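Dear colleague,

Please find below the structure that I am handing over to you. My account of what was found in it follows directly after.

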Amino acid sequence: MGELKLVGKSLLRIDGPDKTTGKAKYTADRKLPGMLVGGILRSPHPHAKILNINTEKAEKLLGVKAIISGSDTRGVKHGFVETPRYPPDQNILADDVVRHVGEEIVAVAATNYKVLNDALNLIEVTYEVLPAVFDVAEAMHPDCKVQIHPNHPKVKDDFCNIAGKTETQWGDIEEGFKQADLICVDRFESHLRTHGYLEPQTAIADYGGDGTLHMWISSMGHFVKRKKLASTLGMPEGSIQIHKAYVGGAFGGKIDLFSHEYCAAALSIKTGRPVKFVATREEIFTAYRHGQPLISEIKTGVKKDGTIVAQQLRMINNAGAYKGSGVVVIFLAWGFVMLPYRVKNFKYEGYSIFTNNPPRAPLRGHGAPQVRFALESHMDIIAEKLKMDPIALRLKNARIPGEELPNGDNVHNCGLQACIQKAVSKTDFSKRRHCFPNTEKISAHRPIKHGIGLGVSSYFGGSLIYPNSSSAIVKMNDDGSVDLLTGAIELGQGSETVLCQIVGEELQLELEDIRIISSDTATTPQDIGAWISGMTYVTGNAVREAAGGVREKILQVAAEQLNERVENLKLENKSVLVAADPAQRISYRDVFNASIANSRGDTIIGKGHWRTMRDEPFHPSLATTKGRWSENYAFSVQVAEVAVDTETGEIKLLKATTVHDCGFPINPQLVKGQIDGQVSLALGHAFMEDVMMKNGYTLNPTWLDYRMPLIHNVADSKEVDVITESYQVGRSFRTKEVGEGLVSAILAAIANAIYDATGLRMYTTPFSPEKVLKGLKLLDENKGLR
Amino acid sequence: MQAKIQTSQILNLPEFDYQTPASKKDAVGLLFSSGGDAIISAGGTDLIPNMKNGTIKPKALISLSRLSPEKESITADGALRLDALSTLSDIAESPLIKLKVPTLANAAFHVGGQQIRNRATLGGNLCQDTRCLYLNQSHGFQFVDACYKRGGDCCYPYPAEKRVCRSVFMSDTAPVLISLGAQLVILSNSGEKGVDINDFYTGDGLKPLKLGSAEMISAILIPPESQKMQCHFVKATPRGGLEFAMVSVAIALKIDGPDKKCGKARIAVGSINTSPLRAFKAEQEIVGHNLNEAIAAEVARKVADEVKALPHHGYSKGYLKQLVEVHTKRSLTAMIYPKEPLTHETSD
Ligand SMILES: Cc1cc2nc3c(=O)[nH]c(=O)nc-3n(C[C@H](O)[C@H](O)[C@H](O)COP(=O)(O)OP(=O)(O)OC[C@H]3O[C@@H](n4cnc5c(N)ncnc54)[C@H](O)[C@@H]3O)c2cc1C
């Protein structure tokens with residue numbers, strides 16, 4: 001194949017100019033004539049019975065246009081997961097019980113915020129406060145007196161408040177442990193973080209006279225939103241049009257259906273006027289979704305040579321008041337455990353437990369950072385106990401190309417072994433480990449210790465979940481330029497740029513010749529959305545097929561016109577020419593006209609579809625992990641270099657090195673952007689971000705007190721791409737995941753680097769200065785130094 | 001238990017009257033005639049969020065937005081005179097301030113972010129309200145019952161306490177001005193008076209300032225001898241920017257001769273209690289000594305023992321104490337051995 005023209009190049013983002021000049025329109029920027037503003041009355045209690053709701057006074061207020069409460073909805077529930085095992089469990093607006101602070105009770109539409117605020121203040125709700133439980137250990141304890149929901153009917157364990165369970169095993173776990181020379185048991189815990197998207201949660205609904213419900217929503221996938229709106233509103237999908245708007249970040253926090261989206265629609269239907277909801281930052285911090293705190297209990301048996309012979313795990317997730325994605329994260333946690341290393345005998349149990357906290361959502365990595373932090377710390381602990389090089393231990397067990405996974409998936413051209421080796425050589429890892437503490441940069445009044453650590457991770461790229469498929473259309477214009485119609489949503493990741501690069505490559509067009517029309521449920525085909533880590537792979541291949549369809553037609557028409565065989569033609573500069581005789585050529589414009597004249601009016605339209613694991617009916621079982629999960633796994637190794645101030649406990653991530661098997665980078669600069677973004681996300685996770693909660697209330701619901709890294713906190717981030725795949729025009733390609741998996745190994749690497757620097761093993765996140773200092777003091781005391 | 005609660009969470013400013021006097025004199029006149037219902041708005045960067053959160057409910061704002069601050073100057077008796085209306089950006093960038101009292105410029109530079117500093121004034125910084133995680137939010141559906149500070153009858157962090165508020169005073173410039181022995185020029189209808197900044201803070205979280213409802217700070221004077229002292233300021237924060245301090249330490253020392261004998265010392269610690277704290281006893285201990293690293297460590301320990309930290313914003317008392325000690329030690333060491341680069345960041 002010849003050289004690639006657009007794919008594989010770091011072309012500038014096509015949405016860049018709009019965003020940097022402030023022209024990009026987000027949902028909140030939109031104003032429609034006669035638009036009302038909406039707001040939600042929320043529960044002030046973590047657990048309470050609603051005895052009465054009185055909206056009379058509010059209704060009489062001038063400027064209040066509509067008020068709805070639970071009884072005005074159709075009572076159709078929704079949930080992150082909606083399967084027979086895990087049916088939806090959330091009300092749009094509360095029925096008779098509220099189960100977390102901030103739960104939605106009444107929604108109001110008014111002419112302005114002043115009236116809205118007054119109306120919300122005039123609504124009287126009478127509660128009977130119920131006892132509540134927040135801590136996961138208390139909630140699951142068999143004697144727990146608080147029942148938030150009945151236990152899951154299919155889970156028979158003697159625990160309380162079980163939202164769901166994932167259970168799987170292979171080999172013979174007991175026999176495995178018998179073969180082990182060393183058995184190592186550890187427990188890790190990760191804390192509550194939030195997404196920190198800049199654009200607030202927002203929605204506009206306009207139920208105009210045309211019988212269509214028009215909506216603008218800050219979302220991660222318009223088709224899945226539309227599906228849930230349709231089922232809760234009782235409207236056919238086709239009557240709901242979600243329009244394109246730029247999205248200012250999501251990081252997993254905008255997938256679910258949210259009450260304000262339904263309420264915007266219902267209130268617009270009721271009033272006949274457009275209604276806009278914009279959540280305050282405090283509402284987002286206190287009443288929307290956060291990530292998933294996980295407890296990981298691990299027991300591993302190894303041979304003297306490092307071979308893992310048995311591994312048993314129990315993961316516990318504090319799900320909050322509804323299932324949310326809690327019942328998914330306990331499935332995913334299994335996956336993130338089993339991907340990188342071979343384990344012959346294995347047993348896994350994951351529990352998701354209800355508590356009276358707000359429900360949780362995926363947060364970039366969806367369990368992987370928590371799991372890999374635990375597992376990679378555990379690997380270093382094992383290596384030390386075996387007196388073995390931690391790299392050798394990992395190489396011994398790391399997957400090799402072509403290996404089949406226990407669930408029947410295949411790792412194909414897995415680059416993990418290469419990643420480990422390159423990471424080690426790139427950072428001079430083995431030489432620098434263990435040699436920092438007493439050498440570099442120690443001064444009497446600045447006792448800074450340096451350390452280096454490494455972690456391994458793997459992530460899936462696309463799975464089967466509604467709508468299970470992406471389609472795309474490419475249509476040609478008279479002048480030979482094309483329009484790409486795709487449901488893919490641009491939320492900052494660069495999807496529009498990447499998809500246009502693919503079209504450009506297939507048709508040998510410049511980016512200027514491609515217009516993208518995206519994420520509009522009425523004018524673009526179905527798309528999987530930007531939340532299953534498969535957009536470049538799944539939507540990308542659909543787009544490639546659609547563009548390929550156009551290419552084939554162009555070639556066919558040109559072949560007829562030039563009286564040449566298709567194999568002898570090539571595309572160049574919006575023309576088709578005879579490869580051996582470039583003077584013989586025909587422009588796309590002439591091809592277009594010839595097609596209309598000679599091919600029964602065909603205006604040259606290509607369409608494509610892609611479905612991952614096309615022969616699998618469903619996603620794998622969340623209960624048993626049976627069934628295929630993905631056909632496309634990325635692998636990564638990350639190395640962290642840290643400096644620990646042993647007097648203040650402050651830690652700085654000096655350098656992060658990412659070596660990853662991303663398949664083939666369609667746009668290397670965008671891949672780098674993802675890496676850097678994930679490294680700084682992990683840095684926030686490691687050192688400063690912490691949603692502080694007490695009894696279901698959020699103590700730091702502001703940007704001032706929930707600290708995300710600032711630009712000067714961001715670490716030097718370097719990367720090496722391990723290329724295991726290639727891109728060829730006209731052939732399907734296998735790009736691998738780069739948007740979520742790289743938050744994980746780096747977190748583990750930081751923990752291992754802290755240990756290397758100081759001897760302090762971190763079993764819980766965050767690695768806050770106070771915690772680190774406490775740990776260091778304890779170490780000193782145990783050494784008898786103080 | 002039954003409870004009836006009305007809630008909302010949309011951040012609206014309540015209604016208020018708004019006046020823009022043409023002089024400070026007119027401003028205090030308006031304060032006086034309002035009979036305590038009006039409040040000054042300088043940059044508004046502390047006031048407006050507090051009004052949105054409902055922690056302050058003034059009937060009228062006397063905005064100083066039409067007044068331009070006088071330029072900083074040296075008075076006849078050698079004091080450095082700063083207008084209370086100077087913005088923190090002005091203070092941070094002023095060549096005269098950088099030359100005479102660099103720690104003040106440094107402290108001003110470490111307040112909030114650039115946009116905040118462009119509006120925030122020095123007077124407002126000294127008069128800002130105390131802070132607490134429970135207080136600094138909108139109370140839409142969380143912590144809706146008003147606490148003592150909000151005029152109610154409870155305390156969330158200390159439920160057993162009666163009518164005591166342990167919210168923390170977090171100004172960055174206050175400890176520095178204390179270390180510099182600053183005088184505040186207080187203006188009221190009856191004219192100007194001087195107040196030692198040491199006497200300006202009450203230590204009562206409910207009413208942290210000794211300032212009458214018809215008074216304002218007009219200017220700040222820094223005496224000539226302080227301008228000759230060696231100074232140091234450190235603001236310890238978790239991420240090094242756009243945030244309030246965990247702990248701040250401001251030190252001024254007179255260090256004489258090759259023996260580095262300490263002739264005078266002022267040590268102030270901010271952000272750990274209801275007012276900035278001064279370590280009077282530790283100051284006494286250091287004066288008369290030839291300074292060295294061992295003394296620095298010893299004095300630091302004494303400072304940490306002397307100033308009492310309240311746990312705040314999730315930091316424990318013990319950790320805050322440790323931070324006071326470490327940062328005092330590092331500051332003193334940096335002052336005693338000034339050849340080593342002076343550092344005011346919290347980490348490398
Ligand atoms: C995001 C953010 C970050 C911040 N970070 C910091 C920080 O790191 N460090 C810090 O110290 N502060 C910080 N602040 C608080 C605040 O911005 C500063 O303290 C600022 O200096 C206040 O000045 P101002 O002029 O805006 O005061 P205003 O808000 O106008 O007034 C504050 C109070 O002082 C009174 N007042 C104002 N001027 C006078 C006067 N001349 N005489 C008497 N009373 C007066 C007002 O009546 C009011 O009660 C932050 C604020 C925000 C919003």
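The accessible surface of chain A comes to about 27500 Å², and carbon and sulfur atoms hold 51% of that area. Please note that this is a predicted model, and that the values in this message are computed from it. For chain B, the accessible surface is about 14400 Å², with 53% belonging to carbon and sulfur atoms.

Chain A

The secondary structure of chain A consists of 19 helices and 29 strands. Its radius of gyration is 28 Å, close to the 28 Å given by the globule rule for 786 residues, so chain A is as compact as a globular protein of that length. Along the principal axes, the C-alpha trace of chain A spans about 90 × 75 × 55 Å. Of the 786 residues in this chain, 65% count as buried. Where contacts in chain A have a sequence separation of 6 or more, 79% of them are between residues 24 or more positions apart.

One residue of chain A may serve as a detailed example. Asn752(A) is placed in helix α18 of chain A, which covers residues 744-758. Is Asn752(A) buried or exposed? Asn752(A) has a relative accessible area of 2%, and it counts as buried because that value is under 20%. Leaving aside residues up to four places away in sequence, Asn752(A) touches Glu376(A), Ser377(A), Asp380(A) and Arg394(A). The same list of contacts also holds Ile452(A), Gly453(A), Leu454(A) and Arg761(A).

Chain B

Chain B has 12 helices and 13 strands. A compact globule of 348 residues would have a radius of gyration near 20 Å, and the 21 Å of chain B agrees with this. The C-alpha atoms of chain B fill a box of roughly 70 × 55 × 30 Å along the principal axes. Buried residues account for 56% of the 348 residues in chain B. Among contacts in chain B between residues at least 6 apart in sequence, 65% join residues at least 24 apart.

The strands of chain B deserve a closer description. Strand β4(B) covers residues 60-63. Strand β2(B), residues 17-19, pairs with β4(B) in the parallel sense over 3 bridges, and Tyr18(B) stands opposite Leu61(B) of β4(B). Strand β3(B), residues 38-41, also runs parallel to β4(B), to which 4 bridges join it; here Ala38(B) stands opposite Ala60(B). In a regular strand, side chains alternate between the two faces of the sheet. In β4(B), Ala60(B) and Ile62(B) point one way, while Leu61(B) and Ser63(B) point the other way. These four residues, Ala60(B), Leu61(B), Ile62(B) and Ser63(B), are all buried.

An open sheet of 5 strands in chain B has the order β5-β6-β9-β7-β8, with antiparallel pairing. Strands β5(B), residues 73-74, and β8(B), residues 191-196, stand at its edges with a single partner strand each, so one side of each has no neighbour in the sheet. Strand β7(B), residues 183-188, pairs with β8(B) in the antiparallel sense over 6 bridges. Within this pair, Ile186(B) has Lys193(B) as its bridge partner.

Which strands make up the open sheet of 4 strands in chain B? The order is β10-β11-β12-β13, again with antiparallel pairing. Its edge strands are β10(B), residues 230-236, and β13(B), residues 277-278, each of which pairs on one side only. Strand β12(B), residues 261-270, is joined to β13(B) by 2 bridges, and the two run antiparallel. In that pairing, the bridge partner of Ala268(B) is Arg278(B). Helix α12(B), residues 317-336, lies across β10(B), β11(B) and β12(B), and runs at about 30 degrees to β11(B).

Cysteines

How many disulfides are there over all chains? The count comes to 0. In chain B, the sulfur of Cys155(B) has its closest cysteine sulfur in Cys165(B), at 6.5 Å. That separation is too far for a bond, because a disulfide requires the two sulfur atoms to be within 2.5 Å. Cys155(B) counts as buried, at 11% relative accessibility. In chain A, Cys184(A) is likewise buried, with a relative accessible area of 1%.

With kind regards

Methods. Residues numbered from 1 in each chain as written. Chains lettered and ligands numbered in written order. Predicted model: local features only at pLDDT ≥ 70, side-chain atom pairs only at ≥ 80, totals over all residues. Heavy atoms only, no water. Buried < 20%, exposed > 50% of the residue type's maximum accessible area, 1.4 Å probe, protein only. Contact = heavy atoms within 4.5 Å. Pairing = 2+ DSSP bridges. Axes fitted to C-alpha atoms, helices over the stretch in contact; angles between N-to-C directions. Rg over C-alpha atoms; globule rule 2.2 N^0.38 Å. Areas by Shrake-Rupley, 256 points an atom, 1.4 Å probe, with all protein chains shown as cover.
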